[in-house]
Amino acid sequence: MYGPPPDPRQLTLLYTLGDDGWRYAICLMFCLVFSGVAMIRRLPPELRLLSFIIGQVALLTAPFAATMTEAVYGSFPTIDKSGSLLFYLDGVHQRVLLSPLDAVNDPAARLIGAHVGHLWLTALFDLTLEPFAAFNAQAMFNLCLGWWAAALWARALGASWTAAALLGAPFGMGLHVFRDLNWYTIEKSAVGWLALYAWATLNAARRGGAAWIAAASALFFVSAFMNWYWAMVEAAGIVAVTASFALRDPRGVTLRRLVLVGLGSIFAASPLVLLQLALLQGPQTLGDPERFLVERAALDSVSLWPPLWNRLELTRALSLPVILLAAWAARARRAEPETWALITLAAALLALSLGPQILPGAPNPVYYAARAVVPGFWRIAKPEVFFEGVYLALIGLAAIACRGRDAPRWLYPIWAVAWLLIVRTHPVYPGFSAPIEQRLAPDWAEHVMGPNEDPPKTP
C-alpha cells in the first residue's frame, strides 16, 4: 500500500469532465489569464515565470482550483490531516508563538513541535476561507512555490529561463509532493522553502554581501518554522557543500561566505532550536529513541533495492531527463567547483536518506553517526525527506549541463503530457473528499502520549 487505508467516514467526491465541465473551464480560464500576464515583457522575468507557473498548476491539477471551497483535496479524514486541522482549530500555533515558555507544558505543542509556521500560513488564508479550504489554498501555494523556487535555483546555475521552468517542474510537481498532499500534513508538501534556501545560499556564496547572507539565514528560519525536516536537510546540505569547498580551496572567498551563511542560519534558528529541545525534555512523546529508529525511520526511507522513495517507484517519482543531464554534468564538468559541490551534496544526503540500513542487514554508518552527534536527530521519523535535497542537487547538475543551450518551448507540452501519464494517473494522486466536521477529544493526550506521562517541567 502506498498510504493508509481509507477512513470509513470518507466520502469521495467525483468531478468528471462530462458533468462538471464548467469547473475545468474555470481552471482553463485561470491558466489563460496568468499565461497572458506572463507575456508582459515589462515585468521582471521572475514574476513572468511565477505567473506562468500559477496558470499551469491551475490547469494541470484541474478541477482543484474550482473546488477549493467545497471539497478537501486528497483523502479526508486521515490521522495526519485531521490532526493538523483539529490542532489548528485548537490554537496550538498561537500558544507556541505567543507563549513559548508555557508551550513546554502543552501536550499539543510537545506532539507537534516548534514548527507551526504552516498553521500560521493557514491562518492567513483562513481570513477569507473556511479552515479546510485554507489548507487547500496552502496546498496550491506549495505547488506553485516549489516549482518556481526550483526554477530559480536552476536559472541561477546557468539554465535559460525556459530550461529552468522545465527543470523546476518535476521538483514542485513531483509524485512525492502529491502523495503527501493526499494523506499527510500540509507542511510535508512545502518543498519550495528548501529550494529557496538553496537559491539564496548559492547567491550568497557567489556574490557575498550582507543582504544575501541575511536572506539565506532568514529562509533557514522560515524553513525550520514551516517544517523541521527542511531545516535538517538544509543544515546537512550546507555542511556537505562547505566541506567540499574546504577540501578544494581552504582559503577561498566562497568558503568564507558559506561559513557566514551557516553561522547566520544557526543564529536565526536558535530560538526555535532551544524551544524544540525544551519540548523534547521529560517523558518522550510518541515513543523513545529506539522505537523511532525501528518503527519509523527504518520504514520511511529510500530503498536501493527495490528502488523506492518511501514506497514510491523511483521510475515514476524522478524525472529521467533530469537524471541523464545530471549524469552528463557530473562526468563532463566534474572539475568545476560548483559541480563537485553538488555531487558531494547529493552523495551526503543520499546516505542520510537511506535511513538506518543501506541494504537489509547492512547498517548505515552515516545515519548512525548523525544520530549520535546531532541533538534531537533520534526523532527523525522520515529519513526519506533528505532525498528532496538529492533531487534538488540533481536538478542543479542538470542546469549546469544546460549552460549555453536554450530549451525549445515545444518541450513543455511534451513534459505536460508525460506528467499527466506518470503522475496524475498514479494511485497516490489526490482525489477529492467531502469535509467532515470533527472534534478534538478531551482525553486525546492520554491516548496518544500515555496516561502516566507527566508534563515536562519548564526549564
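Trainee: Among contacts in the chain between residues at least 6 apart in sequence, what share joins residues at least 24 apart?

Mentor: That share is 78%. Keep in mind that we are looking at a predicted model. A contact here means heavy atoms within 4.5 Å.

Trainee: What makes up the secondary structure of the chain?

Mentor: There are 23 helices and eight strands in the chain.

Trainee: Why is the chain called as compact as a globular protein of its length?

Mentor: Set the value against the rule: 2.2 Å times the number of residues to the power 0.38. For 459 residues the globule rule gives 23 Å, and the radius of gyration of the chain is 22 Å, close to that value, so the chain is as compact as a globular protein of that length. Along its principal axes, the C-alpha trace spans about 65 × 60 × 45 Å.

Trainee: How many of the residues in the chain are buried, as a percentage?

Mentor: Buried residues account for 54% of the 459. The chain exposes about 20500 Å², with carbon and sulfur atoms supplying 68% of that area.

Trainee: What makes a set of residues a nonpolar core?

Mentor: Its members must be buried residues of the nonpolar kinds, joined through side-chain atoms within 4.5 Å. The largest such core in this chain has 148 residues. Trp147, Leu167, Phe171, Met173, Phe178 and Trp415 touch the most other members. Helix H9, residues 131-156, gives the most to this core, with 18 residues. In soluble globular proteins, nonpolar side chains tend to be buried together.

Trainee: Which residues is Met173 in contact with, leaving aside its neighbours within four places in sequence?

Mentor: Met173 is in contact with Val57, Leu60, Thr61, Leu143, Trp147, Phe178, Trp415, Trp419 and Val423, once those neighbours are left aside.

Trainee: Why does Ser244 count as buried or exposed?

Mentor: The cut-off for buried is under 20% relative accessible area. Ser244 has 3% relative accessibility, so it counts as buried. This serine is found in helix H14, residues 228-248. Apart from neighbours within four places in sequence, Ser244 is in contact with Trp340, Ala341 and Thr344.

Trainee: And what makes Val33 partly exposed?

Mentor: Partly exposed covers the range between the 20% and 50% cut-offs. At 48% relative accessibility, Val33 falls in that range and therefore counts as partly exposed. Val33 lies in helix H1, residues 21-38. Its C-alpha atom is separated by 30 Å from that of Leu157, 124 residues apart along the chain.

Trainee: How do you know that the peptide bond from Ala62 to Pro63 is cis?

Mentor: Look at omega: for this bond, omega is near 10°. Pro63 lies in the loop between helix H2 (45-60) and helix H3 (64-67). The peptide bond from Phe76 to Pro77 is also cis, with omega near 5°. Pro77 sits in the loop between strand E2 (72-73) and helix H4 (79-90).

Trainee: What is the phi of Asn310, which is not a glycine?

Mentor: Asn310 has a positive phi of about 50°. The residue is found in the loop between strand E4 (308-309) and strand E5 (312-313). Arg311, in the loop between E4 and E5, is not a glycine either, and its phi is positive at about 75°.

Trainee: Why is Asn310 called buried, and why is Arg311 called partly exposed?

Mentor: Use the cut-offs again. Asn310 has a relative accessible area of 1%, so it is buried. Arg311 has 32%, so it is partly exposed.

Note on methods
Residues are numbered from 1 along each chain as its sequence is written. This is a predicted model: local features need pLDDT of at least 70, side-chain atom pairs count only at pLDDT 80 or more; totals for chains, interfaces and linings use all residues. Side-chain values use heavy atoms; hydrogens and water are left out. Helices (H or I, at least four residues) and strands (E, at least two) are DSSP runs, numbered from the N terminus. Buried means under 20% relative accessible area, exposed over 50%, partly exposed in between (1.4 Å probe, protein chains only). Accessible areas come from the Shrake-Rupley method with a 1.4 Å probe; for residues, only the protein chains shown count as cover.
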